[in-house]
Amino acid sequence: MDGREFKAKVKGTDPQTDLAVITIDAKGLTPLPFGDSDKARVGDLVLAIGSPLNPQLEHTVTSGIISAKGRSGVGLSKYEDYIQTDAAINPGNSGGALVDLNGELIGINSAIATQTGGFMGIGFAVPANLARKIMNDIVETGKVVRGWLGVYIQNITPDLAKAMKLKTVKGVIVSK
């Protein structure tokens, strides 16, 4: 936050997760360390960093908790496995960091669920472990490599678990 500006080059993009890798030529910068988003738990305190709404609000930090993990079916992208948070994420915050209290990146702020266009307490972040895989794929091969299974899956809901006599409401079912 020393006022320097740099030109960035796009190394690659992944439209499926709405992530990109950019490079800059700069000295003396300290990268934000990656945390292990798989170890993050519901109820953990987090900070969302971004530039909401307009440039005058850049470098905004909001706090909250992890409300849920593994959110899918929200219609935001083709590959969904979001961390849900109640830390205020507003339009313009996308691409900002979601960090834990150790200052480690556990997610990339991505979207909000809203009926008004503004923050309503439901924000989503791409987990850091997925973002790291996307980054490594782009840096190493220039593209994101994914497997393809050819099945349709859906989350196990309480109704499905009851009908199938499952002991838990975790996981997915192959539906087609």
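**Leu166 and its surroundings**

I began with the term I needed: a residue counts as partly exposed when its relative accessible area falls between the buried range, under 20%, and the exposed range, over 50%. Leu166 has 38% relative accessibility, so I entered this residue as partly exposed. I note here that I am reading a predicted model.

I then located Leu166 in the loop between α2 (158–163) and β10 (172–174). Setting aside residues up to four places away in sequence, I found that Leu166 touches Ile156 and Ala161. I also looked up its separation from Phe6, and the two are 160 residues apart in sequence and 54 Å apart in space, C-alpha to C-alpha.

In the loop between α2 and β10 I also checked Lys165, whose phi is positive, near 55°, although the residue is not a glycine. I wrote down Lys165 as exposed, because its relative accessibility is 74% and the cut-off for that word is over 50%.

**The hairpin of β1 and β2**

Strand β1 (residues 8–14) pairs with β2 in the antiparallel sense, and I recorded 6 bridges for them. Within this pairing, Gly12 has Val21 of β2 as its bridge partner. The hairpin has 4 residues between its strands, and there Asp18 takes a positive phi near 60°. I marked this value because most residues other than glycine have a negative phi. Asp18 is exposed, with a relative accessible area of 59%.

**The barrel**

Which strands close into a barrel, and in what order? I traced 6 strands, in the order β3-β4-β5-β8-β7-β6, with antiparallel pairing. Neighbouring strands of this sheet are turned by 45° against each other on average, with direction ignored. Helix α1 (residues 128–141) packs on the sheet, where I found the helix touching β7 (105–112) and β8, and its direction makes about 50° with that of β8.

For one pairing I went down to the bridges: strand β3 (residues 45–50) is joined to strand β4 (residues 60–71) by 6 of them, and the two run antiparallel. Ala48 stands opposite Thr62 in β4.

**The aromatic pair**

I found 1 aromatic pair in the structure. Tyr82 and Phe124 form this pair, with 5.7 Å centre to centre and 55° between the planes. I entered the arrangement as tilted because 55° falls between the limits for stacked, under 30 degrees, and edge-to-face, over 60. The pair links distant parts of the chain, as Tyr82 belongs to strand β5 (residues 82–85) and Phe124 to strand β8 (residues 123–127), 42 residues apart. Tyr82 is buried, at a relative accessible area of 3%, and Phe124 is buried as well, at 4%.

**The nonpolar cores**

Which residues have the most contacts inside the largest nonpolar core? I listed Leu19, Leu105, Ile108, Val126, Ile134 and Ile138, in a core of 14 residues. At least two residues of this core come from each of β2 (19–24), β6 (97–100), β7, β8 and α1. The largest share, 4 residues, is supplied by α1. Apart from this core I noted another, of 11 residues, among them Ile66, Ile83, Ile112 and Ala125.

Finally I looked up the contacts of Ile138, leaving aside its neighbours within four places in sequence, and found Lys11, Gly12, Thr13, Asp14, Val21, Lys143 and Val144. Two of these names, Gly12 and Val21, I had already entered as bridge partners.

Technical notes
Residues are numbered from 1 along each chain as its sequence is written. This is a predicted model: local features need pLDDT of at least 70, side-chain atom pairs count only at pLDDT 80 or more; totals for chains, interfaces and linings use all residues. Side-chain values use heavy atoms; hydrogens and water are left out. Rings of Phe, Tyr and Trp (its six-membered ring) pair if their centres lie within 6.5 Å; planes under 30 degrees apart count as stacked, over 60 as edge-to-face and the rest as tilted. Buried means under 20% relative accessible area, exposed over 50%, partly exposed in between (1.4 Å probe, protein chains only). Two strands pair if DSSP finds at least two bridges between them. Axes are lines fitted to C-alpha atoms, for helices over the stretch in contact, and angles run from 0 to 180 degrees between N-to-C directions. Contact means heavy atoms within 4.5 Å. A nonpolar core is a set of buried Ala, Val, Leu, Ile, Met, Phe, Trp, Tyr and Cys residues joined through side-chain atoms within 4.5 Å.
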